[in-house]
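Here is a short guided tour to read with the model open beside you. We will begin with charged pairs, then move on to the sheet, the core and the surface.

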Amino acid sequence: MEIPKIHESEYRFCLIMWEFEPITAVALVKLCQERLGWKRTTTYTVIKRLEERGVLQNDNSMITSLVSKDDAQAYEIDELVEKKFEGSLPAFIAAFTKHQNLSENDLDEVQSMIDRIRRGD
């Protein structure tokens, strides 16, 4: 399945949707007012745009996602690696870790991920 592009402000909206779904449009409007400072009309416009692009479903004002948070994040990472690092995951990781202070726990977690990948888990 092709993941539709989710722009930054839409992504902040989606974080709220993913946290509370299924959620009514009215409740989503209220949360977007509280958390994002959006007007009611802005929220409804974003709902409509994301529905048209296949990111969410609006069924009688009940909002549910059609794209998961994990899928959206994976798509963004793939796009970033492709555009900025010529598709090279090692180049991306090198650039990312160059300016990070990774704790022993972080390094152990990354190593654990690598080990799982090598085992085929």
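## Salt bridges: what counts

A salt bridge here is a side-chain nitrogen of Lys or Arg within 4 Å of a carboxyl oxygen of Asp or Glu. Please keep in mind that the model you are looking at is predicted. By this rule the count comes to six salt bridges.

Let us start with a pair inside one helix. Glu-52 forms a salt bridge with Lys-48, and their closest N and O atoms are 4.0 Å apart. Both belong to helix α3, where being four residues apart separates them by about one helical turn. Is Glu-52 buried or exposed? At 59% relative accessibility, Glu-52 counts as exposed, because the cut-off for exposed is over 50%.

## A charged network around Lys-5

Which residues are linked with Lys-5 in a network of salt bridges? The network is made of Lys-5, Glu-76 and Glu-79. Side chains of opposite charge can pair when their charged atoms come close.

In the first of these pairs to look at, the side chains of Glu-76 and Lys-5 meet at 3.3 Å, N to O. Glu-76 lies in helix α4 while Lys-5 sits in the segment before α1, so this salt bridge ties together parts that are 71 residues apart in sequence. The other pair joins Glu-79 to Lys-5, with the closest N and O atoms 3.2 Å apart. Glu-79 also belongs to helix α4, so here the parts tied together are 74 residues apart in sequence.

The members of the network can also be sorted by accessibility. Lys-5 is partly exposed, at 31% relative accessibility, and Glu-76 is partly exposed too, with a relative accessible area of 26%. Glu-79, at 18%, counts as buried, because the cut-off for buried is under 20%.

## Tyr-75 in helix α4

Tyr-75 has its place in helix α4, which spans residues 69-85. Leaving out residues up to four places away in sequence, Tyr-75 touches Glu-2, Ile-3 and Lys-5. For a sense of distance, take Tyr-75 and Ala-94: they are 19 residues apart in sequence, and their C-alpha atoms are 20 Å apart in space.

## The three-stranded sheet

In what order do the strands of the open sheet stand? The order is β1-β3-β2, with antiparallel pairing. β1 and β2 stand at the edges with a single partner strand each, so one side of each has no neighbour in the sheet. Strands of a sheet pair through backbone hydrogen bonds, either parallel or antiparallel.

On one side of β3 (residues 62-65), two bridges join it to β1 (residues 23-24). Here Thr-24 has Met-62 as its bridge partner, and Ile-23 stands opposite Ile-63. β3 also pairs with β2 (residues 56-59), in this case over four bridges. In that pairing, Gln-57 stands opposite Thr-64. β2 and β3 form a hairpin with two residues between them, and in the turn Asn-60 has a positive phi of about 55 degrees.

## The nonpolar core

The largest nonpolar core holds 22 residues, and the members that touch the most others are Phe-13, Cys-14 and Ile-63. Which helices supply at least two residues each? They include α1 (8-20), α2 (25-36) and α3 (40-52). The biggest contribution comes from α1, with six residues.

Ile-63 is worth a closer look, since we have already met it in the sheet as the residue opposite Ile-23. Apart from residues up to four places away in sequence, Ile-63 touches a list of residues that includes Met-17, Ala-25, Leu-28, Ile-47 and Leu-56. Glu-21, Gln-57 and Asn-58 are also among its contacts.

## A nonpolar patch on the surface

Which residues make a nonpolar surface patch of about 220 Å²? They are Val-110, Met-113 and Ile-114. Val-110 has its place in helix α6, residues 104-119. With a relative accessible area of 41%, Val-110 is partly exposed.

Conventions:
Residues are numbered from 1 along each chain as its sequence is written. This is a predicted model: local features need pLDDT of at least 70, side-chain atom pairs count only at pLDDT 80 or more; totals for chains, interfaces and linings use all residues. Side-chain values use heavy atoms; hydrogens and water are left out. A nonpolar core is a set of buried Ala, Val, Leu, Ile, Met, Phe, Trp, Tyr and Cys residues joined through side-chain atoms within 4.5 Å. Buried means under 20% relative accessible area, exposed over 50%, partly exposed in between (1.4 Å probe, protein chains only). Contact means heavy atoms within 4.5 Å. Two strands pair if DSSP finds at least two bridges between them. Patches are made of residues with over 30% relative accessible area and no salt bridge: like charges are joined within 9 Å, nonpolar side chains (Val, Leu, Ile, Met, Phe, Trp, Tyr) within 5 Å. Accessible areas come from the Shrake-Rupley method with a 1.4 Å probe; for residues, only the protein chains shown count as cover.
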